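Visitor: I am new to this structure, and I would like to understand how its labels are earned. Could you take me through the reasoning step by step?

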Amino acid sequence: QVQLVESGGGLAQPGGSLRLSCAPSRRSFSSNFVAWFRQSPGKERNFVRGIRWSNGETHYADSVKGRFSISRDKTTNTMSLPMNTLKREDTAVYYCAGAVREYYHVSMYSRRQMYHFWGQGTQVTVSS
């Protein structure tokens, strides 16, 4: 069973930056769409930002617009989430997810049930 492995979480001050990365445990594995979700204690796991592997088309949650970007590197088979202008409310466990099925509208990928592969999560804490 392929797993997705996240890295790069940690502690940042409000207004600061962090960069998360995600890679599959088996290098040859690929998804049609890869994304980040996040979950705070007592809350649901919500979509943050995602990217279509083939053409780089992206989708994002309004809460991270203008602050979080996303990219993928086909040569290393990794996906990154640079996070800037961090806010306390960004504090959560961030999960990398991969979807195999292809959908025309990227907005479909904001739904958690579209994903077949998940990482174990990495903690991001924004605090002064």
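Guide: In this predicted model, Arg 38 and Asp 90 are both buried.

Visitor: How do you know that Asp 90 is buried?

Guide: The relative accessible area of Asp 90 is 0%, and buried means under 20%, so Asp 90 is called buried.

Visitor: Why is the contact between Arg 38 and Asp 90 called a salt bridge?

Guide: The N to O distance between the two side chains is 2.9 Å, and the definition asks for a nitrogen of Lys or Arg within 4 Å of a carboxyl oxygen of Asp or Glu, so the pair of Arg 38 and Asp 90 qualifies. Because Arg 38 lies in strand β4 and Asp 90 in the loop between β8 and β9, the pair ties together parts that are 52 residues apart in sequence.

Visitor: What makes Arg 67 part of a network of salt bridges?

Guide: Arg 67 forms a salt bridge with Asp 90, with the closest N and O atoms 2.7 Å apart, and Arg 38, Arg 67 and Asp 90 are thereby linked in a network. Arg 67 has a relative accessibility of 9%, which is set against the limit of 20%, so Arg 67 counts as buried.

Visitor: Why is Glu 57 called partly exposed, and Arg 52, with which Glu 57 meets in a salt bridge, buried?

Guide: Glu 57 has a relative accessible area of 32%, and partly exposed covers values between 20% and 50%, so that term applies to Glu 57. Arg 52, by contrast, has a value of 4%, and under 20% means buried.

How values were computed. Residues numbered from 1 in each chain as written. Predicted model: local features only at pLDDT ≥ 70, side-chain atom pairs only at ≥ 80, totals over all residues. Heavy atoms only, no water. Helix = DSSP H or I, 4+ residues; strand = E, 2+ residues; numbered from the N terminus. Buried < 20%, exposed > 50% of the residue type's maximum accessible area, 1.4 Å probe, protein only.
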